[in-house]
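This report walks through one protein model for a reader who has not seen it before. The sequence and structure come first, and the description follows.

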Amino acid sequence: MTALATPLADAFWATSLRRWNAVCWVLFGAMAVGLVTTVPASGSKYEALALLSCVVLCYAVLDRFPGNPVVRPRVYLSALVLALGGLAYLGSSYAALFMVTLPHYWMFGRTPRVSMGFLGLATGATLAGSLIRQGWTAEFFGETMVSTLIVVAVGVLIGLWAHSVVAQSSERARLIEELERTQAQLSEAHQRQGAADERERIARDIHDTLAQGFASIIVLAEAAQAGIHHDPATSAQQLRSIESTARENLAEARELVGSARQPGPGQVAGGSVAQTLRRTLDRFAEDTGLAVDADLADLECDQQTRIALLRCTQESLANVRKHARASMVGVVLARRPHGVELEITDDGTGFLVGESTGFGLDGMRKRLAELGGRLTVTSSVGDGTRILAMIPMAGEVEA
């Protein structure tokens, strides 16, 4: 299929054909009147009228019934070539018919190759008919051949120009359609990625808040059940911790549900991050009985940074509770020239960092990366674990 066989090209040629139809019928009528009134009654007159009628009939059938199986565009062009050769031989209105039907080669040929082929056949038939009638005379060379070739040359230039314009327009339309399709695909991909990122964010928030709280409740409930008979005071304290943790989980759940109304990253959250971390560490020490050594600089930071530091602390303490079997935890929050650092260490069993597949560490890394920070995990079996979270800060105020 050629480059011109596009809806835009079809529309162009269909519009051109409709506009030329009216002109053609007038010119066909004028040619018929001219033959009747100017040519003396003879056999050649009726033959010329018959040839013209054949062309007009084929054109009418093709125009009125474009899908008919008999008179196809190339059949019409073939009949036109034969009629031009016959009229040139008879010397009756062939030049007028040639000029009137010149656009038809491009409208019905549809491709430059086919159009040029039929136009060449029409030119050859016209010159052959004139040559048979006139012979190798000066009139043939000086008038017939020259005028015919001029008309053909002009028709070729106009037809090629029209094809070029349509080809360029079709290419532009194709590129625009491809661009729109690509933009639609890109928009759909962005929507899918946005939905996936939102699901991952929600999963990370649930893991860092509700899941950790429920894990703490389970551990406290098991401990309270085990000591309810021989140490009721401790069990009562653990039950109070369960209640407090459940209330905090409920508040976290409400916060997640209403996350769209949370302060933006540029707003300052109430209180300092040191106070927030201190409450978390006190609860951890109360629930686990582990010694906690905390050195927390009293810094103020935006809401997103505060949440990231809190989640990193909660996740690290949860890992200590579940896996480390440590006796002491150290936490340092400090202001550095390159930003804020949070360091959490324990003297537990440690682990092989390269073999860690947990969701928690990966979630911390992604949360810090969203703020331009990074997470460094140092650990080995038997030597404890060191978690270092760094978040770059711009213009935070040190209290």
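## Overview

Of the 399 residues of the protein, 39% count as buried; buried means under 20% relative accessible area, exposed over 50%, and partly exposed in between, with a 1.4 Å probe and protein chains only. The model is predicted, so local features need pLDDT of at least 70 and side-chain atom pairs count only at pLDDT 80 or more, while totals for chains, interfaces and linings use all residues. Residues are numbered from 1 along each chain as its sequence is written, and side-chain values use heavy atoms, with hydrogens and water left out.

The protein has 10 helices and five strands. Helices (H or I, at least four residues) and strands (E, at least two) are DSSP runs, numbered from the N terminus. Among contacts between residues at least 6 apart in sequence, 72% join residues at least 24 apart; contact means heavy atoms within 4.5 Å.

## Annotated spans and helix 3

The unreviewed UniProt entry places the feature "transmembrane region" at residues 20-39, 46-62, 74-102, 114-132 and 144-166. UniProt positions are given in the numbering used here, feature names are shortened, and annotations may be inferred rather than shown by experiment. Two of these spans are listed in the table.

| Span | Helix | Strand | Distance between end C-alpha atoms |
|---|---|---|---|
| Residues 46-62 | 100% | 0% | 24 Å |
| Residues 114-132 | 100% | 0% | 27 Å |

Helix 3 (residues 73-90) has 18 residues, which should span 26 Å at 1.5 Å a residue, and its end C-alpha atoms are indeed 26 Å apart. The expected span of a helix is 1.5 Å times one less than its number of residues. The buried residues in helix 3 include Y76, L77, L80, L84 and L87. After helix 3 comes G91, with a positive phi near 70°.

## The sheet

Five strands form an open sheet with mixed pairing, in the order 1-2-3-5-4. Its edges are strand 1 (291-296) and strand 4 (374-379), each of which pairs on one side only. From one strand to the next the twist averages 10°. Two strands pair if DSSP finds at least two bridges between them.

Strand 1 pairs with strand 2 (residues 328-336) in the parallel sense, over six bridges. In this pairing V292 stands opposite V329 of strand 2. Strand 4 and strand 5 run antiparallel and are joined by six bridges, with L375 opposite A389 in strand 5. Five residues lie between the strands of this hairpin, where G382 takes a positive phi near 90°.

Which side chains of strand 4 are buried, and which are not? They alternate: L375, V377 and S379 point to one face and are buried, whereas R374, T376 and T378 point to the other and are not.

## Helices on the sheet

Helix 9 (residues 303-324) lies across strand 2, strand 3 (339-346) and strand 5 (385-391), at about 10° to strand 3. Helix 10 (residues 359-370) also packs on the sheet, touching strand 4 and strand 5, and its direction makes about 150° with that of strand 4. Axes are lines fitted to C-alpha atoms, for helices over the stretch in contact, and angles run from 0 to 180 degrees between N-to-C directions.

Helix 10 has 12 residues and reaches 17 Å from its first C-alpha to its last, close to the 16 Å expected at 1.5 Å a residue. Its buried residues are G360, L361, G363, M364, R367 and L368. They cover an arc of only 160° around the axis, which puts them on the same side of helix 10; the arc is that of the directions from the helix axis to the C-beta atoms. Just after helix 10, G372 has a positive phi of about 85°.

## Individual residues

R321 is found in helix 9 and is partly exposed, at 24% relative accessibility. Leaving out residues up to four places away in sequence, R321 touches S216, V219, F284, D287 and T288. R321 and S216 are 105 residues apart in sequence, with their C-alpha atoms 8.7 Å apart.

R325 lies in the loop between helix 9 and strand 2 and is exposed, at 70% relative accessibility. Its phi is near 50°, a positive value in a residue other than glycine. Most residues other than glycine have a negative phi.

Q238 is found in helix 7 (residues 232-257) and is buried, with a relative accessible area of 14%. Leaving out residues up to four places away in sequence, Q238 touches L220, A223 and A224.
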